[in-house]
Amino acid sequence: MSELSTRPALITKVIPDSIGAEIGFEPGDSIVAVNGQKPRDLIDYQFLCSDEFLELEVLDSKGKTHKLEIEKEYDEDLGVEFETALFDGLIQCNNRCPFCFIDQQPPGKRETLYLKDDDYRLSFLYGSYLTLTNLTQKEWERIEQMRLSPLYVSVHATEPEVRIRLLKNLRAGQILEQIKWFQERRLQIHAQVVVCPGINDGEHLERTLLDLAKFHTGNIPAVASVAVVPVGLTRFRPAEDELSAVTAEKAREVIEQVQKIQVLLSKRKGGQKAKKQNAKSRCIWLADEWFLIAGLDLPSAADYEDYPQIGNGVGSIRQFIQQFETAFEKLQPMQVEPPRKLVWVVGNAVEKAFEPIVQQLNQIPGLSVNMAALCSHYWGQTITVTGLLTGQDLLEALQGRDLGDGILLPSVMLKQGEPRFLDDMTLEQLASSLKTRILPVSGVEELISAAIGLATAEVEL
């Protein structure tokens, strides 16, 4: 991208007691250049600001330009946050994957829901997945020069014709050569395979996993991990997409297939004495959703090792349960006074897994928690993960129901930094319609704190 397309980095937050606060930065100010260079993105900004001496060109909120000189410790952060991590715009996706969630939404919602990104910088910074089909030679060179590793890559299939069919892009067939490129430069990727029944499952899935496992060797394996994920479909998807939903039978089939491959690879690795130090590191992981769809128990916490694909739904439920059990032990003895009754809303996919949590909460004298495990009629799904529930789903399911003293609402349902659901209903609108308090909770500690009545943010009528 050209320098002309790079916008000043707009500051939205200044951390108290930071260098930025001491200098007098305010939200609305923008950083134009650092040591004479215009940062294209947060990666450039962090790299340029790692020096001990900085010359900043700053544009204040009134449009006046300032030149500042800063002396600081090496790698000390300025303490400012920006409107976006990309100052030169988003690299958009040119694939037409039939299972893309962007294309499975109704029209007329907020603009950001329809942005298709395939940006390696967001992959490096935040773990979002890209396909590698949109990278220019200049961007490949930047990945190498700046050692932007690991990246998170949507592979789906290693057979060229299958991957081209899935991504609807002729460049998609180069994936094995691209992974070899990472291997030759001692760079890494975390891979994901979204399984679409009838397209990349069965023998194609086996071929893909065995191909990727070949790159899981050495001290710096090019493929650090592989997550196998079931395709998610909504009622808004195109009619001609040739996709089929994952049934319970199909989920059990895939679990059995992948577990056999895991055992095979474990035996191969264990038989090579030179690599015994890496024997613990499993390569292939099944997303929790497979077990939820199949109606099977989740693997134990030990099976997830260091949770390399937790951001992709591999082990997140087991980790949540484990964290809850640890935190709950510290509560004893505990009594809630005055007594309170709450409804905890979750997707029905996790109903069985979270039942023990509800039982434990209800052991606390004075506390009554009822789980409302919902599916999404909005998306047309019979089995729904918590993060996809919309305001409309909650309104339909909870209206007229005894909600006690309020709703415990997982924040994963909301837009980051804004109390708004995927269907654009706001938290305030839902609270008003249901005539109850809503307590957004993120993680185990907030769930417990809100349940027992400690201070937490809430939305009221």
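Which residues of strand 8 are buried on one side, and which on the other? In this predicted model, I189, A191, V193 and V195 lie buried on one side of strand 8, and H190, Q192 and V194 lie buried on the other. The legends below begin with the whole chain and then move to close-up views.

**Figure 1. Overview of the protein chain, with 14 helices and 14 strands.** The C-alpha atoms occupy a box of roughly 60 × 60 × 50 Å along the principal axes. The radius of gyration is 24 Å, which agrees with the value near 23 Å for a compact globule of 461 residues. Buried residues account for 49% of the 461 residues. Of the contacts between residues at least 6 apart in sequence, 68% connect residues at least 24 apart. The exposed surface comes to about 22500 Å², and carbon and sulfur atoms contribute 49% of that area. The chain carries 48 positive and 66 negative charges, whose mean positions lie 6 Å apart.

**Figure 2. Strand 8 (residues 189–195) and its paired strands 7 and 9.** Seven of the seven residues of strand 8 are buried, so the strand is largely enclosed by the rest of the structure. Both of its faces are covered. Strand 7 (residues 151–154) pairs with strand 8 in the parallel sense through four bridges. Within this pairing, Y152 is opposite H190 of strand 8. Strand 9 (residues 223–230) also runs parallel to strand 8, and seven bridges join the two. One residue to locate here is V194, whose bridge partner in strand 9 is V229.

**Figure 3. Surroundings of S154 in strand 7.** S154 has a relative accessibility of 6% and therefore counts as buried, the cut-off being under 20%. Not counting residues up to four places away in sequence, S154 touches Y129, L130, T131, R163 and Q192. Q192 belongs to strand 8, where Q192 is itself buried. V314 is 160 residues from S154 in sequence, and their C-alpha atoms are 15 Å apart in space.

**Figure 4. R142 in helix 4 (residues 137–145).** Is R142 buried or exposed? R142 is buried, with a relative accessible area of 6%. When neighbours within four places in sequence are left aside, R142 is in contact with R40, D41, I43, D44, Y120, R121, R147 and L148. These contacts include the aspartates D41 and D44 as well as the arginines R40, R121 and R147.

**Figure 5. Two cis peptide bonds that precede proline.** Most peptide bonds are trans. The bond from S149 to P150 is cis, with omega near 0°. P150 sits in the loop between helix 4 and strand 7. That loop leads to the strand that pairs with strand 8 over four bridges. The second view shows the cis bond joining E337 and P338, where omega is about -5°. P338 is in the loop between helix 10 (316–329) and strand 11 (340–347).

**Figure 6. S50 and D75, two loop residues in contact.** Where does S50 lie? S50 is in the loop between helix 2 (42–48) and strand 3 (53–59). S50 counts as buried because its relative accessibility is 16%, below the cut-off of 20%. Leaving out residues up to four places away in sequence, S50 touches K72, Y74 and D75. D75 is in the loop between strand 4 (65–71) and strand 5 (80–82). The phi angle of D75 is positive, near 70°, and D75 is not a glycine. Most residues other than glycine have a negative phi.

**Figure 7. R186, a loop residue with positive phi.** R186 is in the loop between helix 6 (175–184) and strand 8. Its phi is near 55°, a positive value in a residue other than glycine. R186 counts as exposed because its relative accessibility is 53%, over the cut-off of 50%. By contrast, seven of the seven residues of strand 8 are buried.

Key: Residues numbered from 1 in each chain as written. Predicted model: local features only at pLDDT ≥ 70, side-chain atom pairs only at ≥ 80, totals over all residues. Heavy atoms only, no water. Rg over C-alpha atoms; globule rule 2.2 N^0.38 Å. Buried < 20%, exposed > 50% of the residue type's maximum accessible area, 1.4 Å probe, protein only. Contact = heavy atoms within 4.5 Å. Areas by Shrake-Rupley, 256 points an atom, 1.4 Å probe, with all protein chains shown as cover. Lys, Arg positive; Asp, Glu negative; His and termini not counted. Charge placed at Lys NZ, Arg CZ, Asp CG, Glu CD. Pairing = 2+ DSSP bridges.
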